[in-house]
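Open the model in your viewer and keep the selection panel at hand. This tour goes stop by stop.

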Amino acid sequence: MKITIRLAKALTNFTNSVKVIDFELDEENDLANLIDTLERKYPGLKKALCNMEFEIKDSINIYVNGDNVRYLKGLKTILHDGDQINIVPAAVAG
Amino acid sequence: MIINRPGSHFIFILHSDCVNRNYNYINYNGKELTNKEYLKHWGKWVFTGSKEELNELAKRLDPYVEKKIIPAAKYDQEIIPEFNIGECVMCIFCDVRQRDEVWEVLESLGVKDKAWVYEKETMERWLPGGHLLETWIKNRGFSPEEAERVREDAKEKFKKMFEDDEAIFRGIDQ
């Protein structure tokens, strides 16, 4: 399945300034798997998004199709073909 | 109507009746929201861009605000350095029950970043212990006494604003 990830400018220093990443993932993957996969391609990104307990940092918001995953199933949110993930500093929501 | 008040950090896009006839844009289907309804239903689409990009988009959004398809919008005049976002933020306000209709307009105008934020969430982040208030306090370099005063003020302000569930919500001074 194809997932599109859109990163806020403040996070693109981990992706060589790439803001939009199209990703192919196996079916029934969750957000945690996506972050692990991203980390292999863009080392350091996982640490920027998650704390040591592998929870989303307070300073980060992750949205799936516009909805904050904190109000879905967090990192266990299942992704589907065509989903758009937006990752932004939480301050954007202020 | 694009409103750039001297001294305000934000540029607003409001219906002209907000300025001339006290129109309250915080409504759903013409009915003003109570404090309780505001905290349950009101929110915003948020995205970032350069000041120039947002200025251009504001001009294209203004007709939709005048037609009341979009209730209101605001965006940063300048980047806020304390939050390390590196861009200006635009907020497009509406009731969650109309957010899909508003998103369709934004998408037609080229907005791609999709992030919905309830106002309740924003307010919780500006309360003591909330990420935004604590980051702001830290980056402003307040003394412990000043920081405590800021926290107390924030707590009091929000308590006062929402003490009556059934009162009509009138907005926040910004």
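In what order do the six strands of the open sheet in chain B lie? Select them and read across: β1-β2-β6-β7-β5-β8, with antiparallel pairing. Bear in mind throughout that this is a predicted model.

**Stop 1: the borders of the sheet in chain B**

Pick residues 2-3 and 116-118 of chain B. These are β1 and β8, the edge strands, and each of them pairs on one side only. Now add residues 10-14 of chain B, which form β2. Two bridges join β1(B) to β2(B), and the two strands run antiparallel. For one facing pair, show B:Ile3 and B:Phe12: they stand opposite each other.

**Stop 2: the helices on the sheet**

Select residues 51-66 of chain B. This is helix α3, which packs on the sheet. Its contacts are with β1, β2, β5 (42-49), β6 (72-76) and β7 (88-95) of chain B. The direction of α3(B) makes about 20 degrees with that of β2(B).

Next, select residues 99-108 of chain B. Helix α4 packs on the sheet as well, touching β5, β7 and β8 of chain B. Here the angle to the direction of β7(B) is about 140 degrees.

**Stop 3: B:Ile11**

Go back to strand β2 of chain B and centre on B:Ile11, which lies in it. Is B:Ile11 buried or exposed? Buried: B:Ile11 has 20 C-beta neighbours inside 10 Å, and the cut-off for buried is 20 or more.

Show what B:Ile11 touches beyond four places in sequence: B:Ile2, B:Ile3, B:Asn4, B:Ala58, B:Lys74, B:Tyr75 and B:Gln77. Draw a distance to B:Ala58. The sequence separation is 47 residues, while the C-alpha atoms are 9.2 Å apart.

**Stop 4: helix α6 of chain B**

Select residues 131-140 of chain B, helix α6. Its buried residues are B:His131, B:Leu132, B:Leu133, B:Thr135 and B:Trp136. What covers them includes α5 (119-125) and α7 (144-161) of chain B. Step off the end of α6(B) and you reach B:Gly141, whose phi is positive, near 70 degrees.

**Stop 5: chain B as a whole**

Zoom out to chain B. It holds seven helices and eight strands. The radius of gyration of chain B is 17 Å, close to the 16 Å that the globule rule gives for 174 residues, so chain B is as compact as a globular protein of that length. Its C-alpha atoms fill a box of roughly 50 × 40 × 30 Å along the principal axes. Of its 174 residues, 29% count as buried. Among contacts in chain B between residues at least 6 apart in sequence, 63% join residues at least 24 apart.

**Stop 6: chain A as a whole**

Switch to chain A. It has two helices and five strands. From the N terminus on, they run β-β-α-α-β-β-β. The radius of gyration is 12 Å, close to the 12 Å of the globule rule for 94 residues, so chain A is as compact as a globular protein of that length. The box filled by its C-alpha atoms is roughly 30 × 30 × 25 Å along the principal axes. Of the 94 residues, 29% count as buried.

**Stop 7: strand β1 of chain A**

Select residues 2-7 of chain A, strand β1. Which residues form its covered face? A:Ile3, A:Ile5 and A:Leu7 do, while A:Lys2, A:Thr4 and A:Arg6 make up the uncovered one. In a regular strand the side chains alternate between the two faces of the sheet.

Add β2 (residues 20-24) of chain A, joined antiparallel to β1(A) by five bridges. A:Arg6 stands opposite A:Val20 there. Then add β5(A), which pairs with β1(A) in the parallel sense over four bridges. The bridge partner of A:Leu7 in β5(A) is A:Ile87.

**Stop 8: helix α1 of chain A**

Select residues 31-41 of chain A. In this helix, α1, A:Leu31, A:Leu34, A:Ile35 and A:Leu38 are buried. They cover an arc of only 100 degrees around the axis, which puts them on the same side of α1(A). The buried residues of α1(A) pack against β1, α2 (45-49) and β3 of chain A.

**Stop 9: where the chains meet**

Show both chains. At the contact, 20 residues of chain A meet 20 residues of chain B. On the side of chain A that touches chain B, β3 (60-64) and β5 (84-89) of chain A each supply at least two residues. β5(A) gives the most, with four residues. By type, that side of chain A divides into nine nonpolar, seven polar and four charged residues.

Note on methods. Residues are numbered from 1 along each chain as its sequence is written. Chains are lettered from A and ligands numbered from 1 in the order in which they are written. This is a predicted model: local features need pLDDT of at least 70, side-chain atom pairs count only at pLDDT 80 or more; totals for chains, interfaces and linings use all residues. Two strands pair if DSSP finds at least two bridges between them. Two residues are in contact if their C-beta atoms, placed from the backbone, lie within 7 Å. Axes are lines fitted to C-alpha atoms, for helices over the stretch in contact, and angles run from 0 to 180 degrees between N-to-C directions. Ala, Val, Leu, Ile, Met, Phe, Trp, Tyr, Cys and Pro count as nonpolar, Asp, Glu, Lys and Arg as charged, and the others, Gly among them, as polar. The radius of gyration is taken over C-alpha atoms; the globule rule is 2.2 Å times the number of residues to the power 0.38. A residue is buried if 20 or more other C-beta atoms lie within 10 Å of its own, exposed if 12 or fewer, and partly exposed in between; C-beta atoms are placed from the backbone. The arc is that of the directions from the helix axis to the C-beta atoms.
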